[in-house]
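Thank you all for coming; I would like to walk you through a structure that will be new to most of you. Please have a look at the sequence and the model first, and then we will go through some of the features together.

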Amino acid sequence: MNPLRFFWGALLVCSMTVYAGPGDVLWTRILPGQISAGPVLHDGRIFAAGIDRTLTAIDESGELKWNRRIPGRTPLFLTVMASGLVLAVSEPGVLSAHNTDGLFVWQMSSSSPTVCAPVHGRDGRIFLLFPTHINAISQTGIVLWRTNVPARPTGMVSETGDGHLLVFLVDGSILRVSPFGEVLERIVLPSLPIDIHPAPSGFIAGLENGQVVYCDVRPRRNNASETEIIWTYTSRSKPVALSVNRNEVFILSSDGSFCSLHITDGTELQIMNLGFGVASKPVLSFEYDKLICVLPGRAIALSASGRKEWEISLVSSLVNPVISDSGVIVAATVQGGISAVRTETRIGREKKMLKAQNYGILTGKSRFWGVSASETKTLFAAIQRDIDDGNVGIREVHYARRLSELLTNNTGDPFLSAPVASEDRSRSALLLGRLGSGEYRALLVEQMYRNPDETLSVGLLLALAVSGPGAGDEEISAVRHVSRSSPLHMINVHLAACDALYTFARYTGGQRSVEASRILLEMTKEPYDGRVRSYAQQILARILQ
């Protein structure tokens with residue numbers, strides 16, 4: 001046995017200390033290398049990357065789940081998508097993807113690393129900010145567009161209430177970019193922006209000069225700026241952090257003052273002082289109708305009325321803290337580990353109902369009316385070419401709407417008696433799958449319950465296979481439905497079901513991966529055709545590798 005490997009294994013096992021009570025360290029896990037990215041939380045697991053080029057997963061009790069080598073050199077940034085896809089950015093410009101069980105999925109390289117962690121899009125797309133440009137990719141690594149930027153991004157990024165990216169640039173301006181790569185506006189505010197939070201129809205910004213402004217974003221006449229300041233609030237000192245909950249805006253300022261405003265008109269609702277100054281941006285989180293604020297050396301909970309409910313001391317060595325749903329602060333330590341601190345005793349975990357979001361791409365009609373074989377063939381070729389070239393961009397809305405019309409046999413021509421051919425509907429589904437939006441996945445799943453014929457069933461299943469991971473269980477249920485409702489002699493349907501299940505098992509991890517593998521195991525047995533059984537066995541072997 002390698003003695004060094006044994007040493008680190010023993011250290012990982014023995015380095016967990018458990019305590020109890022608010023403010024006490026629940027556990028500390030020492031890792032082999034200094035943490036360079038993370039920690040980040042997802043579905044009860046903690047992920048961190050280290051200078052030893054490893055990605056580590058720990059559960060909320062401090063138990064080590066897995067540790068994997070990742071491509072590239074030192075990891076710089078780490079994020080986890082809602083689907084569970086774990087993305088790490090490493091020097092000199094490597095983006096690698098793993099599932100939550102540590103299975104390597106894919107990687108892509110660029111000439112330089114990003115300036116910040118990959119940014120979640122509302123529908124599952126991923127935004128990558130580089131020194132000279134912005135890329136959008138799907139969760140399978142397909143490049144959707146590239147847009148150059150007029151100045152280097154600082155690494156701070158937010159969005160408007162409608163989902164437009166707000167990219168902070170080093171010259172103090174903000175670039176507003178659509179989810180499809182269109183540069184919509186370069187915004188210059190009255191002072192340097194420090195923090196920005198999405199708000200209905202726009203955003204709220206805290207500025208260096210002490211102001212907080214509500215900016216409304218919408219098209220205006222005479223080529224005027226689309227961003228208009230609706231109200232301005234002057235804070236008692238520089239605002240360091242903003243948050244929005246329901247109809248209130250919460251502001252924490254550098255002098256320790258904490259106030260809330262009505263989001264409609266900026267009316268001051270309450271104000272208090274924490275009794276100490278705030279030099280750096282804190283972590284803010286709403287839990288059980290309380291605002292939890294994590295600062296260097298302390299954490300504070302404020303009620304909705306502004307009353308301080310509790311305050312606990314934290315060790316100063318905690319770095320990059322995050323707050324779990326169970327009220328535990330998880331942070332890296334300067335000694336090279338991860339610690340968890342209990343903030344308060346809770347009977348159970350607060351279940352957060354996350355509203356499904358998208359960009360409303362399929363809300364509306366395409367430019368075409370009716371259908372013709374030549375137009376459809378030309379459209380398919382254009383979409384495939386743009387996908388291959390990584391140049392879908394602003395054409396995605398038109399493409400997706402037309403593909404959805406063809407898929408659902410709703411072409412807009414009331415006098416058209418002949419339905420869209422199954423081959424064209426199947427190709428439409430496959431192209432929607434390659435575009436990768438979660439909004440399209442919902443449409444694919446819906447069509448799988450509408451008694452598709454064999455050709456369309458194959459297209460729908462392969463579309464899910466190429467679209468990558470989903471954030472729910474609906475896709476697996478739909479694949480099971482199509483496979484079990486299709487006669488055994490429809491070999492191609494069952495082979496395509498294997499491909500879809502492989503994607504779920506490989507990309508998602510956790511219980512969804514287990515369920516997909518279980519269905520694949522069923523397909524290795526009779527009464528399935530021998531070709532299906534053999535293919536399912538090959539798929540399972542690839543997963544186990």
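At what angle do helix H4 and helix H5 pack, and how far apart are their axes? Before I answer, please keep in mind that this is a predicted model, in which local features need pLDDT of at least 70 and side-chain atom pairs count only at pLDDT 80 or more, while totals for chains, interfaces and linings use all residues. Residues are numbered from 1 along each chain as its sequence is written, and side-chain values use heavy atoms, with hydrogens and water left out.

Now to the answer: H4, residues 422–435, and H5, residues 438–448, pack at an angle of about 145 degrees, with their axes 9 Å apart. Helices here are DSSP runs of H or I with at least four residues, strands are runs of E with at least two, and both are numbered from the N terminus. The axes are lines fitted to C-alpha atoms, for helices over the stretch in contact, and the angles run from 0 to 180 degrees between N-to-C directions. On the H4 side, Arg425, Ala429, Leu432, Gly433 and Leu435 meet Tyr440, Leu443, Leu444 and Gln447 of H5, where contact means heavy atoms within 4.5 Å. By class, this contact of H4 with H5 has six nonpolar, two polar and one charged residues; Ala, Val, Leu, Ile, Met, Phe, Trp, Tyr, Cys and Pro count as nonpolar, Asp, Glu, Lys and Arg as charged, and the others, Gly among them, as polar.

Let me turn to the interior. The largest nonpolar core has 74 residues, and Val479 and Met523 are those with the most contacts inside it. Such a core is a set of buried Ala, Val, Leu, Ile, Met, Phe, Trp, Tyr and Cys residues joined through side-chain atoms within 4.5 Å, and buried means under 20% relative accessible area, exposed over 50%, and partly exposed in between, with a 1.4 Å probe and protein chains only. Helix H8, residues 491–507, gives the most to this largest core, with ten residues. Leaving aside its neighbours within four places in sequence, Val479 is in contact with Met448, Leu461, Leu464, Ala497, Ala500, Leu501 and Phe504. There is also a second, separate core of 14 residues, which includes Phe250, Leu252, Val278 and Ile300.

Is Thr508, in the loop between H8 and helix H9, buried or exposed? Thr508 counts as buried, because its relative accessibility is 3%. Its side chain reaches the backbone oxygen of Phe504 at 2.3 Å, and, not counting residues up to four places away in sequence, Thr508 touches Ser83, Asn99, Thr100, Pro469, Gly470, Thr503 and Ser513. Lys377, by contrast, lies in helix H2 and counts as exposed, because its relative accessibility is 64%.

Finally, a few words on the backbone. Most residues other than glycine have a negative phi, and most peptide bonds are trans. The peptide bond from Glu91 to Pro92 is cis, with omega near 0 degrees, and Pro92 lies in the loop between strand E7 and strand E8. Another cis peptide bond joins Glu526 and Pro527, with omega about 15 degrees. Asn409, in the loop between helix H3 and H4, has a positive phi of about 60 degrees although it is not a glycine.

Note on methods. A polar contact is a pair of N or O atoms within 3.5 Å; within protein, one must be able to donate a hydrogen and the other to accept it, and residues adjacent in sequence count only if both atoms are side-chain atoms.
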